[in-house]
Amino acid sequence: MTTENKLNDEIVDQTPIENNEYNIDTLDASIEERVEEISKEEQLSQDLASEKDKFLRLFAEFENYKRRTARERIELFKTANQEVLLALLPVLDDFDRALSEIKKTDDNILIQGVELIQEKFKNTLFSKGLEQVDVNVGDAFDADFAEAITQIPAPSPKMKGKIVDVIEKGYKLGDKIIRFPKVVIGN
């Protein structure tokens with residue numbers, strides 16, 4: 001073999017090795033780029049999932065807020081007149097007392113006139129949601145629905161622990177008692 005042939009053989013033998021090294025370096029760089037892309041994609045998908053979760057939580061919180069404020073608004077409308085109705089209850093009590101005193105007289109026209117005004121006043125209050133709490137003499141005393149202002153000896157053994165007299169009527173607005181009835185119970 002001539003020197004020239006030997007030199008050509010060496011170049012040919014070295015070329016594939018150099019090409020292989022070049023290809024491996026290029027391949028390594030390509031793999032690293034692909035791994036970085038996959039890592040970025042995974043990070044982006046995790047960020048997207050995190051943001052989606054935040055959005056869903058915020059949306060659910062907002063929906064709960066809307067429901068709560070709507071419920072509070074309805075409750076406010078139901079009890080908006082509570083202060084005014086509480087202020088008018090003594091007037092209603094005065095009508096009851098006045099009517100019971102007027103009935104002791106024989107003036108039927110006066111009785112009818114006061115009854116008419118009292119009924120009109122009651123109907124106006126009741127149309128605004130006011131209701132009377134039903135507590136009667138002889139009912140068992142329940143502290144959840146009446147206020148005992150005093151105890152007296154029971155007129156009979158059957159009246160022990162029961163309501164002997166109703167001193168002041170109670171009223172409620174919707175389901176809420178705004179003034180408890182004041183009663184006397186037998187001891």
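Let me begin with one contact, the salt bridge in which the side chains of E51 and K54 meet, at 3.6 Å from N to O, where a salt bridge means a side-chain nitrogen of Lys or Arg within 4 Å of a carboxyl oxygen of Asp or Glu. E51 and K54 are three residues apart in helix α1, so about one helical turn separates them; helices here are DSSP runs of H or I with at least four residues, strands are runs of E with at least two, and both are numbered from the N terminus. E51 is partly exposed, with a relative accessible area of 46%, on a scale where buried means under 20%, exposed means over 50% and partly exposed lies in between, using a 1.4 Å probe and protein chains only.

Before going on, I should say that this is a predicted model, in which local features need pLDDT of at least 70 and side-chain atom pairs count only at pLDDT 80 or more, while totals for chains, interfaces and linings use all residues. Residues are numbered from 1 along each chain as its sequence is written, and side-chain values use heavy atoms, with hydrogens and water left out.

Staying in helix α1, we find R57 in a salt bridge with D53, with the closest N and O atoms 3.1 Å apart. R57 and D53 are four residues apart in the helix, so here too about one helical turn lies between them. R57 is exposed, at a relative accessible area of 58%, whereas D53 is partly exposed, at 36%. In total, the count comes to eleven salt bridges, and D93, E168, R179 and K182 are linked in a network of them.

Which residues of the chain make a nonpolar surface patch? L27, I31 and V35 make one of about 270 Å², and V35 lies in helix α1, which covers residues 3–79. Patch residues have over 30% relative accessible area and no salt bridge, with like charges joined within 9 Å and nonpolar side chains (Val, Leu, Ile, Met, Phe, Trp, Tyr) within 5 Å.

Now to the aromatic rings, where the count comes to three pairs. F95 and F121 form a tilted pair, 5.8 Å centre to centre with 40° between the planes; rings of Phe, Tyr and Trp (its six-membered ring) pair if their centres lie within 6.5 Å, and planes under 30 degrees apart count as stacked, over 60 as edge-to-face and the rest as tilted. Because F95 lies in helix α2 (residues 82–102) and F121 in helix α3 (residues 108–127), the pair ties together parts that are 26 residues apart in sequence.

Technical notes:
Areas by Shrake-Rupley, 256 points an atom, 1.4 Å probe, with all protein chains shown as cover.
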